[in-house]
Amino acid sequence: MARQGWPRLRVADWHATRDTLHMWTQIVGKVRLVHAPLVNHWWNVTLYVSPRGLTTSAVPYGTGAFDVEFDFVEHRLRLRADDGTDEGFALAPMTVAEFHERTMRALGRLGVEAAIQGHPNEVDPAIPFAEDDRHASYDPDAAHLFWRQLLQASRVMGEFRSRFAGKVSPVHFFWGAMDLACTRFSGRTAPEHPGGAPNCGDWVMVEGYSRELSSCGFWPGGGEEGAFYAYAYPEPHGFSARPVRPAAAFYSTENGQYLLPYEAVADDPDPDRALLDFLQDTYEAAADPAGWDRETLEVDPARWAHKTRA
């Protein structure tokens, strides 16, 4: 198996493909939303990084299941049902309207009904999918590199996730903001979130932020090659003033979160350590002033290593 490092992809070089792909992932994500039962904080709607791209994972349908995957290796949208039926089409330059139509037709051939909400969320303007001929770009090389960025981010965020014994989300891809995220929870309730995301009901944010949390992630913005982020809700006093590693990390007042440019991680002699330091320091910046029970919530992921070595 070929080992690849941290890929380089300038946001300015693929923003048209990024914005088109954002709309395509919203369509597929909404298909999962229609059929997967609600899980707290909308964990039922997310996509997941796979060895080929981004997948819904198994979505329940009747007494069976189906899945949809963006294959960024062979550049196809793949749809599979539990009866062995396969559908799909090539990922290539096409309008969002065409992608929407082709996806719905492919689902129909699988026997899956999916009456999704017909416009995107968390973007402005929210052009209805069936009318969107503005977004129509697909650079396969850029899509492949973005997926490999997600692979690296997911791998290190998964290691960070393993250090927490409390309630913690999977490492998953939220198509609303097009970001990969992992969220830890203190176990306490949070003040009702005020909402305010564009073209997204405030009640969506109320559910998403119903518990005190510390969240981290990666998205293809905020830096020349994207950025890692970390924030707390509610943000405790002193959170933004905490020093965090590495030196390139900073608190963005505009975004209300810490940011670490992807390129700073990729350029570091030890990218994994640089990112893990950022994730740990920003978590502590949230947990310590808010009085999280860290002794109970944290765990050593290597606690059984002496038993599992051959």
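These legends accompany close-up views of a predicted model.

**View 1. The largest nonpolar core and its best-connected residues.**
The largest nonpolar core holds 90 residues. Phe70, Phe99 and Phe228 have the most contacts inside this core. Helix H3, residues 140-161, gives the most to the core, with nine residues.

**View 2. The surroundings of Phe70.**
Phe70 is among the residues with the most contacts inside the largest nonpolar core. Setting aside residues up to four places away in sequence, Phe70 touches Leu21, Trp24, Thr25 and Val28. Leu47, Arg52, Gly53 and Leu54 also touch Phe70. The list of partners is completed by Arg76, Leu77, Leu91 and Phe99. Phe99 is another of the residues with the most contacts inside the core.

**View 3. Helix H1 packs against helix H2.**
H1 covers residues 11-35, and H2 covers residues 96-110. The two helices pack at an angle of about 25 degrees. Their axes lie 10 Å apart. Angles under 35 degrees count as roughly parallel, so H1 and H2 are roughly parallel to each other. Their crossing is right-handed. From H1, the residues at the meeting are Thr20, Met23, Trp24, Ile27, Val28 and Val31. From H2 come Val96, Phe99, His100, Thr103, Met104 and Leu107. Trp24, Val28 and Phe99 also appear in the view of Phe70, as residues that Phe70 touches.

**View 4. Helix H3 packs against helix H6.**
H6 covers residues 271-290. H3 and H6 pack at an angle of about 45 degrees, and their axes are 10 Å apart. That angle makes H3 oblique to H6. H3 passes H6 in a right-handed crossing. Arg155, Val156, Met157, Glu159 and Phe160 are the H3 residues at the meeting. On the H6 side are Asp272, Leu275, Leu276, Leu279, Gln280 and Tyr283. H3 is also the helix that gives the most to the largest nonpolar core.

**View 5. Ala230 in strand S10.**
Strand S10 covers residues 227-233 and includes Ala230. Ala230 counts as buried, at 3% relative accessibility. Ser214 is 16 residues away along the chain, and its C-alpha atom is 7.4 Å from that of Ala230. Leaving out neighbours within four places in sequence, Ala230 is in contact with Ser215, Cys216 and Phe239. Gln257, Tyr258, Phe278 and Thr282 are in contact with Ala230 as well.

**View 6. Cysteines without disulfides.**
A disulfide is a covalent bond between the sulfur atoms of two cysteines. A search of the whole structure finds zero disulfides. Cys216 is in no disulfide. The cysteine sulfur nearest to Cys216 is that of Cys182, 5.2 Å away. A disulfide would need the two sulfur atoms within 2.5 Å. Cys216 is buried, with a relative accessible area of 4%. Cys200 also counts as buried, at 13% relative accessibility. Cys216 is one of the contacts of Ala230.

**View 7. Two cis peptide bonds, each leading into a proline.**
Most peptide bonds are trans. The bond from Asp124 to Pro125 is cis, with omega near 5 degrees. Pro125 sits in the loop between H2 and H3. A cis peptide bond also joins Tyr233 and Pro234, with omega about -10 degrees. Pro234 belongs to the loop between S10 and strand S11, residues 250-252.

**View 8. His41 and Trp42, with positive phi.**
Most residues other than glycine have a negative phi. His41 has a positive phi, near 65 degrees. Trp42 also has a positive phi, of about 70 degrees. His41 is found in the loop between H1 and strand S1, residues 48-49. Trp42 is found in the loop between H1 and S1. His41 is buried, with a relative accessible area of 5%. Trp42 counts as buried, at 18% relative accessibility. The cut-off for buried is under 20%.

**View 9. Gly88 in strand S6.**
Strand S6 covers residues 86-90 and includes Gly88. Glu69 is 19 residues away from Gly88 along the chain, and their C-alpha atoms are 9.3 Å apart. Aside from neighbours within four places in sequence, Gly88 is in contact with Arg76, Leu77 and Leu79. Arg76 and Leu77 are also among the residues that Phe70 touches.

Key:
Residues numbered from 1 in each chain as written. Predicted model: local features only at pLDDT ≥ 70, side-chain atom pairs only at ≥ 80, totals over all residues. Heavy atoms only, no water. Core = buried A, V, L, I, M, F, W, Y, C linked by side-chain atoms within 4.5 Å. Buried < 20%, exposed > 50% of the residue type's maximum accessible area, 1.4 Å probe, protein only. Helix = DSSP H or I, 4+ residues; strand = E, 2+ residues; numbered from the N terminus. Contact = heavy atoms within 4.5 Å. Axes fitted to C-alpha atoms, helices over the stretch in contact; angles between N-to-C directions. Parallel < 35°, antiparallel > 145°, perpendicular 65-115°, else oblique. Left-handed = near helix turned anticlockwise from the far one by under 90°.
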